[in-house]
Amino acid sequence: MEPAVLPGEVLMSQAIQPAHADSRGELSAGQLLKWMDTTACLAAEKHAGMSCVTASLDDVLFEDTARIGHIITIRAKVTRAFSTSMEISIKVIVQDKFTGTEKLLCVAFSTFVAKPVGKEKVLLKPVVLQTEQERVEHDLASERRKVRLQHENTFNSIMKESGRLHDPVCNEEGTATTKATSVQSIELVLPPHANHHGNTFGGQIMAWMETVATISASRLCHGHPFLKSVDMFKFRGPSTVGDRLVFSAIVNNTFQNSVEVGVRVEAFDCQEWAEGRGRHINSAFLIYNAVDDQEELITFPRIQPISKDDFRRYQGAIARRRIRLGRKYVISHKTEVTLSTPWDTSKKGSLSNTNVEALRNLASKSGWEITTTLDKIKIYTMEEQDGISVKVEKYVSSPAHTAFHLLSDFTKRPLWDPHYISCEVIDQVSEDDQIYYITCSVVNGDKPKDFVVLVSRRKPLKDDNTYIVAVKSVTLPSVPPSPQHTRSEVICAGFLIQAVDSSSCTVAYLNQMSDSVLPFFAGNIGGWSKSIEEAAASCIKFVENAAAHDGLKSVL
């Protein structure tokens, strides 16, 4: 059971009635967004002591669903106050009243701005921190704010790169266009839709936006779409009682089992309505999954952009997805779960084979989405329910066997990878398997990290041309965690090297990211860091220089 109301916290409980549900008997996402916005607003006003308005709602992740008869509890609390704005964390729990079972429905973060009466200046009081979790969220709130403030610059930077991004799936037969997914609707703002100042409730606008977005998604999937996450609701300006709000929605892009729908809201007063001159007051990007009549997830058709605007929206969805994946590290604090395998010498053959097979399986999964294309380098990501994986493909002017020899020797890795400080062999298990102790550089001001990993090498079989270097964390009693480092883990990582011809090859680096490894990649995936590109370029240079040196020696 959830604890009682904590200091500074606002709690709302609602029993879900048929009027709150969709055609499938599940709680309408729009209704839930209204309740979340109301609860967050009351938490902001409780801290500020004055009226507050919604500035944005982002990082909304729906973990489960609620149905008619269930009870939901919404908890909202200010995590950090800045000069005139506050970040509010929102947590929604759903309870089955017959079994008493509780599940996390969703989490989100909202930003509210204090609105004083007249010309009164605002300087919000700081949040009083009482627990370690509150201190963690207080620190993360600052990081989340930085990401929000630099979101537009990051997005524009990625969009500039997208001119070089080639997505071959666009040209496949059977892809769909988005023209038929365009939806427009209108609402008249009445007194019940507004607060006591006459400004339209942010949650009401979000609910209307969710309705048109759902219709848009349904026109593409021909099934039952349901809201999975919200990239961001950003309020650009107010609307008031009497305004006509025009909502325009259209599908921007699809990603396997998900689709992004963009929604734009324009407000018109009576004169603006007659003149056709609206105010752009809100934009949002909503991500949907969908199921068919048998409750099976639907795979969306790939989008074929046709017009210039289609391409802009198509590429924008890819950029936002990249930022969204990178932002996951700064959403909330996660406790590291031990994933390392205890090392057992008697099972060394099985552990080595499992290590190699895990890397093969990771590479063969469907769902890899390209995020960055540079000269000789492509970066892909794959989002699964339990985390994010990254793949970096490199074209290298070196024989495949030379690249394999260099990259499978981890003692050489600090020569090209700026993240690695030292790599030493602590157990020569066999000719093809070594256990390394690795220390890494400091990230985000934390203690440096260290790893104990099994590195398993495989040369190509007769019917294959792939060299494999697989990496996985193991635990050794002889190398316990030290107070100078944070012991971290590698779930599954490594290199797949394939010959292009006798003098060149492709090198794919893959990493299924654990919470402890994600800080190295989050900024790059999100577009506000270039560490992966820099490490990949350094790797290419290291291998090519070594290959050229070997070639020169053979000539001499």
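A crossing of two helices is called right-handed if the near helix is turned clockwise from the far one by less than a right angle, and left-handed if the turn is anticlockwise. Keep that in mind for the first stop on this tour of a predicted model: helix 1 passes helix 4 in a right-handed crossing.

Let's stay with that pair for a moment. Helix 1 covers residues 29-48 and helix 4 covers residues 202-221, and they pack at an angle of about 165 degrees with their axes 8 Å apart. Anything over 145 degrees counts as roughly antiparallel, and helix 1 and helix 4 are therefore roughly antiparallel to each other. If you want to pick out the contact on screen, select A29, G30, L33, K34 and D37 on the helix 1 side, then G202, G203, Q204, M206, A207 and E210 on the helix 4 side. By type, the residues of this contact split into four nonpolar, four polar and three charged.

Now zoom out. The protein has ten helices and 21 strands. It runs to 556 residues, and 52% of them count as buried. Take the contacts between residues at least 6 apart in sequence: 70% of these join residues at least 24 apart. As for the outside, the accessible surface comes to about 26000 Å², and carbon and sulfur atoms account for 54% of that.

Back towards the start of the chain, look at H20, in the loop between strand 1 (9-15) and helix 1. Its relative accessible area is 17%, so H20 is buried, given that the cut-off for buried is under 20%. Setting aside neighbours within four places in sequence, H20 is in contact with A15, E26, L27, S28, Q31 and W35.

Strand 9 (258-268) is the next place to visit, since V265 lies there. V265 has 0% relative accessibility and so counts as buried. Its C-alpha atom is 4.8 Å from that of F247, although the two residues are 18 apart along the chain. Leaving out neighbours within four places in sequence, the contacts of V265 include F247, L245 and V246, along with I205, M209 and the run R279, H280, I281 and N282.

Just before strand 9 comes a backbone detail worth a look. Most residues other than glycine have a negative phi. Q256, in the loop between strand 8 (244-255) and strand 9, has a positive one, near 55 degrees. At 30% relative accessibility, Q256 counts as partly exposed. E295 also has a positive phi, near 65 degrees, and sits in the loop between strand 10 (279-291) and helix 6 (308-327). With 47% relative accessibility, E295 counts as partly exposed.

Further along the chain, try helix 8, residues 400-407. Six of its eight residues are buried, so helix 8 is largely enclosed by the rest of the structure. The buried ones are A400, T402, A403, F404, L406 and L407.

Last stop: S504, in strand 21 (residues 504-512). Its relative accessibility is 2%, so S504 counts as buried. Once neighbours within four places in sequence are set aside, S504 is in contact with Y395, V396, S397, S398, P399 and A499.

Key. Residues are numbered from 1 along each chain as its sequence is written. This is a predicted model: local features need pLDDT of at least 70, side-chain atom pairs count only at pLDDT 80 or more; totals for chains, interfaces and linings use all residues. Side-chain values use heavy atoms; hydrogens and water are left out. Axes are lines fitted to C-alpha atoms, for helices over the stretch in contact, and angles run from 0 to 180 degrees between N-to-C directions. Helices (H or I, at least four residues) and strands (E, at least two) are DSSP runs, numbered from the N terminus. Angles under 35 degrees count as roughly parallel, over 145 as roughly antiparallel, 65 to 115 as roughly perpendicular and the rest as oblique. Contact means heavy atoms within 4.5 Å. Ala, Val, Leu, Ile, Met, Phe, Trp, Tyr, Cys and Pro count as nonpolar, Asp, Glu, Lys and Arg as charged, and the others, Gly among them, as polar. Buried means under 20% relative accessible area, exposed over 50%, partly exposed in between (1.4 Å probe, protein chains only). Accessible areas come from the Shrake-Rupley method with a 1.4 Å probe; for residues, only the protein chains shown count as cover.
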